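Hi,

Here is the model I said I would pass on. Have a look at it first, and then read my notes below.

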Amino acid sequence: MTQAAATGTIGHDLATWQRPRVTGGPFKQMFFTWFQPVVLLAMIAFWTFAPDRYATFAWAVGIGIALRLICLVLEWVSQRHASWQLTWKELTTDLFYVGISYTLVKYAGKHIGSDAAIDAIKHSFNLHTAWAGHWPFLLQVFLTMFLFDFGQYWMHRAMHNWHPLWLTHAPHHFITQLNVFKGAVGNPVELFLIGLGLGGFFDFLPRAALAAGGISLAIDVYNHANIRFNTPRWWLYLFNSIEHHSLHHSQDYDSTRCNYAGTFIFIDRLFGTCIDDESELVGQEGGRRMSIREQMLYPFLPLRRLLPLGHDPQAVPAE
Ligand SMILES: [Zn+2]
Ligand SMILES: [Zn+2]
């Protein structure tokens, strides 16, 4: 438990936590109450029942882009905080990082990431796990999602507890507002580390991996989005949310040390790191906005102190 939680300055009892509701008429209320559960059910149904010709990587990418664009529109229809309103500058920066995560980070993950390493280990020990592909399909999907999130929980928690890893993750915490594409903003080294996982040990069906990606997205796409939903309590109990994740982005470092899971907040509940609360004021160093250049160089700052390489990017003024 963090100091702020222990002293009672943050955190609610989930059962009695009163959150601001969506403003507007009955249709808008219904839409923003049911949107998240209905999209999740639709995603599960699609990946379970769609014919093979639709259960492809191209469809997974297409659905992912469509869902993000819908969220972009919803940020305008039911805005969470006016102070997080997207500007052209923010959107351009975000899309730069989306481009990097779709290309550079994916490429590195594929060739030097955990799946490549696990393949090599399985090959040298002559391990075969094809039996995993005969398990019930939704079990394969859930295990893929859970193993990935369990790994990223511990990696993320380590990033908040060990300085060399924090340096790779800190740029993500320097974002000064939350929007749908902000999940991609960060140093590429961090995005690579977070992508490591143990799921590659099981030879689940390729379709299970696509389904896991799609269903995870239907849960965690809202974690950075500036959208006000009437999110059901059971959702907040099981899944990560903008509430939990905005608290994780708090300006005071102590309040960031909770809610580490990407998808399943119940992992935080299991390990005592969940705090049910939210924050509007996000960022680090009082909300100083980092330039892209500084975000790229930040993990390597200690090297600059060792070597006389010129100016410390820390000295670059905020824009
Ligand atoms: Zn973090
Ligand atoms: Zn975040």
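From the N terminus on, the order of elements in the protein chain is α-α-α-α-α-α-α-α-α-α-α-α-α-α, which comes to 14 helices and zero strands. Keep in mind that this is a predicted model. Of the 319 residues in the protein chain, 35% are buried. As for how the chain comes together, take the contacts between residues at least 6 apart in sequence: 78% of them join residues at least 24 apart.

The part I spent time on is the core. The largest nonpolar core has 48 residues, and Cys71, Ala211, Ala212, Ile215 and Ala225 are those with the most contacts inside it. At least two residues of this core come from each of α2 (26-49), α3 (57-77), α6 (137-159), α9 (206-220) and α11 (242-248). The helix that gives the most is α9, with eight residues.

So α9 deserves a closer look. Its 15 residues reach 21 Å from the first C-alpha to the last, close to the 21 Å expected at 1.5 Å a residue. Its buried residues are Ala208, Ala209, Leu210, Ala211, Ala212, Gly213, Gly214, Ile215, Ala218 and Ile219. What do the buried residues of α9 pack against? The partners are α2, α3 and α6. Ala211 shows this on the scale of one residue: leaving out residues up to four places away in sequence, Ala211 touches Trp47 and Val141.

Now the pairing of α2 with α9. The two helices pack at an angle of about 175°, and their axes are 9 Å apart. An angle over 145 degrees counts as roughly antiparallel, so that is how α2 and α9 run relative to each other. On the α2 side, the residues involved are Val39, Leu40, Met43, Ile44 and Trp47; they meet Leu210, Ala211, Gly214, Ile215, Ala218 and Ile219 in α9. Sorted by type, the residues of this contact are ten nonpolar, one polar and no charged.

One last residue to check on screen is Phe150, in helix α6. Is Phe150 buried or partly exposed? It has 19 other C-beta atoms within 10 Å, and being buried takes 20 or more, so Phe150 counts as partly exposed. Phe150 also lies 8.6 Å from Phe264, C-alpha to C-alpha, although the two are 114 residues apart in sequence.

Let me know what you think once you have had a look.

Cheers

Terms used: Residues numbered from 1 in each chain as written. Chains lettered and ligands numbered in written order. Predicted model: local features only at pLDDT ≥ 70, side-chain atom pairs only at ≥ 80, totals over all residues. Core = buried A, V, L, I, M, F, W, Y, C linked by C-beta atoms within 7 Å. Buried ≥ 20, exposed ≤ 12 C-beta atoms within 10 Å, placed from the backbone. Helix = DSSP H or I, 4+ residues; strand = E, 2+ residues; numbered from the N terminus. Contact = placed C-beta atoms within 7 Å. Axes fitted to C-alpha atoms, helices over the stretch in contact; angles between N-to-C directions. Parallel < 35°, antiparallel > 145°, perpendicular 65-115°, else oblique. Nonpolar A, V, L, I, M, F, W, Y, C, P; charged D, E, K, R; others polar. Expected span 1.5 Å × (residues − 1).
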